[in-house]
Amino acid sequence: MIVNKVYKYTLIVACGWLLTCTLSYASEWLIYNVQGYTLTAQNQLKTFSALHISDDKVKAIYQTSDQWQQLPSTINKVNGQGYVILPGLTDAHGHVLGLGYKKQNIDLTASRSKHAALQKIKQFASEHPKQQWLTGRGWNQMHWHPQAYPQANDLDLVISDRPVWLRRVDGHAAWANSKAMEIAGINANTPDPEGGQILRNEKGKPTGIFIDRAMDLVRVHIPEAQASDKQLLLKNTLLQLAKLGITSVHDAGVSGETLALYQQLAQQHQLPIRVYAMLSASADDYLQWLPKAPILTTDNMFTWRSIKLMLDGALGSRGAALYKDYADAPGQQGLLQYSLEQAIKQVQSAFQQGLQINTHAIGDRGNGTAIKLYQRLAETNRQQLKHKQPGRHRIEHAQIVDPNDMDLFSELHLIASVQPTHATSDRDMAEQRLGPQRLKGAYAWQRLKQHGIILTGGSDFPVEPANPFYGLHAAITRQDRTLKPRASWLPNQRLSREEALALFTQNAAYAAFQEKILGTLEPGKYADFIIIDRDLFNIPENSIWQTQVMATFVAGKRVWPKQDPFQLKASTVKQSN
């Protein structure tokens with residue numbers, strides 16, 4: 001047994017199995033010779049050269065060596081070798097199981113033609129001859145020539161004896177082969193469900209493309225993974241996020257089963273990073289979970305106090321709800337998955353119980369409807385809210401917001417939960433879908449800020465890569481990682497480096513009611529921090545996305561990497577299963 005208090009970090013080993021290792025950093029320790037950055041409450045940048053940690057909290061930060069050299073010799077002092085320290089980064093909108101499944105199944109993200117996608121599907125099928133359903137994600141017809149939806153017939157040419165189900169990159173459309181539609185009983189007489197669409201050919205026959213809630217018609221027939229497999233997948237995926245410098249994730253729309261799995265992991269102290277979960281308002285057991293809210297662990301590693309409502313679709317599949325027709329598809333205005341009255345009914349109980357309501361809205365009509373939803377909820381519950389703080393309700397994505405709706409957005413104290421990499425990957429497609437006029441409210445981060453709206457940031461992984469430095473780069477430059485377009489896209493909406501860092505740190509903490517314990521490296525807050533290989537505030541903007549994470553710490557405990565970045569003596573290490 002090691003004397004003095006110790007901390008644990010989680011180590012990824014072969015085959016994804018986890019071992020717990022103990023390393024004797026003392027309960028109170030100091031890392032010095034670093035270039036440290038944190039933000040103040042006013043978003044001002046503050047630098048430091050040493051970070052003092054006691055147990056799981058920040059005890060102090062020091063600007064000069066004189067301030068810490070008088071500390072007792074019993075405090076373990078670690079040389080940070082000049083590396084840069086930042087507060088731990090939060091992804092305020094991701095899908096953890098979705099990312100895990102993407103790595104396990106058919107990944108079509110890199111396919112730049114239908115032919116390339118079909119070849120990858122064929123190869124996966126041959127490598128997995130016993131897999132009952134072939135599933136995957138990532139195709140994007142906007143990268144193909146021509147930019148046309150694929151069809152079931154295309155899939156049938158490469159695999160016809162097993163069902164195939166492939167979600168579009170944004171998750172708001174799916175591509176099925178004929179076998180999958182046969183199993184689901186889909187034919188020309190199948191009606192479109194409310195909030196969804198089955199694409200059909202000129203004869204009325206389903207083509208194999210399902211939009212938004214129409215996807216449920218097939219998805220319910222896909223066998224579910226075992227709970228134990230899901231739990232292991234959650235744990236391993238969270239460790240992968242830690243490797244990227246993410247110390248907290250807001251899992252945007254989980255089932256009751258996933259909520260329970262997170263609870264179990266938290267109770268077993270097996271969550272490597274913090275999880276703030278949003279229960280899906282469309283989950284089968286949604287109403288059964290509401291009386292159990294909120295759920296907060298004493299170590300703040302797991303929190304559930306919010307729900308997620310899907311209000312419209314995505315631009316790429318033309319499911320995002322617009323006030324006017326799509327510029328490239330006259331007669332189409334997208335889909336609302338719920339009418340305003342239906343949405344109110346769906347979230348009323350959660351709102352009255354004091355849960356945070358987080359609404360997915362991408363199109364301007366989707367965002368306008370979401371704003372009206374919050375307005376109606378506030379009006380009908382005015383007496384209940386009289387002595388309460390604003391609920392910090394969020395609009396997830398807030399991609400296209402009519403400038404005329406922004407004042408009410410602000411008056412209702414709504415948070416805009418944005419994903420900067422969407423702006424760079426959607427750029428060309430968004431211009432086609434919207435036309436020039438509606439670009440005034442497109443990915444309009446500075447315009448939202450000028451209305452006094454707080455922004456928080458995420459990636460929407462697996463739609464986009466989970467790497468938060470890609471998001472920081474996109475927010476700051478409005479360019480993709482090939483540095484296109486040269487002059488930035490809608491450059492007046494760029495964020496400063498301080499504003500971008502705030503998205504992924506203290507603003508994300510505020511959006512989860514955690515700003516008193518997370519988001520900055522201030523005394524009394526958890527020691528969640530990362531060590532990176534370059535100075536984020538003194539490097540060219542175009543290299544920000546190339547930042548590498550050297551180590552990730554949560555509550556003063558190193559969760560990544562498996563090797564000690566500070567070369568501690570071997571005698572200080574003890575390993576155990």
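A salt bridge, for this tour, is a side-chain nitrogen of Lys or Arg within 4 Å of a carboxyl oxygen of Asp or Glu. Keep in mind that the model is predicted: local features need pLDDT of at least 70, side-chain atom pairs count only at pLDDT 80 or more, and totals for chains, interfaces and linings use all residues. Residues are numbered from 1 along each chain as its sequence is written, and side-chain values use heavy atoms, with hydrogens and water left out.

**Stop 1: a salt bridge in a loop**

Select D328 and R318 to begin. These two form a salt bridge in which the closest N and O atoms are 3.2 Å apart. Both residues sit in the loop between β18 (302-310) and α9 (340-352), with their positions 10 residues apart in sequence. Helices (H or I, at least four residues) and strands (E, at least two) are DSSP runs, numbered from the N terminus. D328 is partly exposed, at 27% relative accessible area; the scale used here calls a residue buried under 20%, exposed over 50% and partly exposed in between (1.4 Å probe, protein chains only).

**Stop 2: a network around K230**

Side chains of opposite charge can pair when their charged atoms come close. The whole structure holds 19 salt bridges. For the next ones, select E224, K230 and E257, which are joined into one network by salt bridges that share partners. K230 meets E224 at 2.4 Å, N to O, and it meets E257 at 2.5 Å, again N to O. K230 lies in helix α6 and E257 in helix α7 (residues 256-267), so this pair ties together parts that are 27 residues apart in sequence.

Now colour the three by accessibility. Is K230 buried or exposed? K230 counts as buried, because its relative accessibility is 5%. E224 is exposed at 61%, while E257 is partly exposed at 31%.

**Stop 3: two helices crossing**

Stay with α6 and add α1 to the selection. The axes of α1 (residues 96-104) and α6 (residues 227-243) come within 9 Å and cross at roughly 95°. Axes here are lines fitted to C-alpha atoms, for helices over the stretch in contact, and angles run from 0 to 180 degrees between N-to-C directions. The two helices are therefore roughly perpendicular to each other, on a scale where angles under 35 degrees count as roughly parallel, over 145 as roughly antiparallel, 65 to 115 as roughly perpendicular and the rest as oblique.

Which residues of α1 and α6 make the contact? From α1, show V96, L97, L99, G100, Y101 and Q104; from α6, show K230, L233, L234, T237, L238 and L241. Contact means heavy atoms within 4.5 Å. By type, the residues of this contact divide into eight nonpolar, three polar and one charged. In that grouping, Ala, Val, Leu, Ile, Met, Phe, Trp, Tyr, Cys and Pro are nonpolar, Asp, Glu, Lys and Arg are charged, and the others, Gly among them, are polar.

**Stop 4: T135 and its neighbours**

Move to strand β10 (residues 134-139), where you will find T135. T135 is buried, at 15% relative accessible area. Leaving aside neighbours within four places in sequence, T135 is in contact with N105, I106, W165, L166 and I222. With N105, the two side chains make a polar contact at 3.4 Å. A polar contact is a pair of N or O atoms within 3.5 Å; within protein, one must be able to donate a hydrogen and the other to accept it, and residues adjacent in sequence count only if both atoms are side-chain atoms.

**Stop 5: backbone oddities**

Most residues other than glycine have a negative phi, and most peptide bonds are trans. Select H397 in strand β20 (residues 394-397). Phi of H397 is near 95°, a positive value, and this residue is buried at 4% relative accessibility.

L490, in the loop between α15 and α16, also has a positive phi, of about 45°. L490 is partly exposed at 23%.

Where is P485? P485 is also in the loop between α15 and α16 (497-503), and a cis peptide bond with omega of about -10° joins K484 to P485. Another cis peptide bond joins F461 and P462, with omega of about 10°; P462 lies in the loop between β22 (455-457) and α15 (468-477).

**Last stop: Q546**

Finish at Q546, in the loop between β23 (529-532) and β24 (549-554). Q546 is partly exposed at 36% relative accessibility. Add Y470 to the selection: the C-alpha atoms of Q546 and Y470 are separated by 8.0 Å, although the two residues are 76 apart along the chain.
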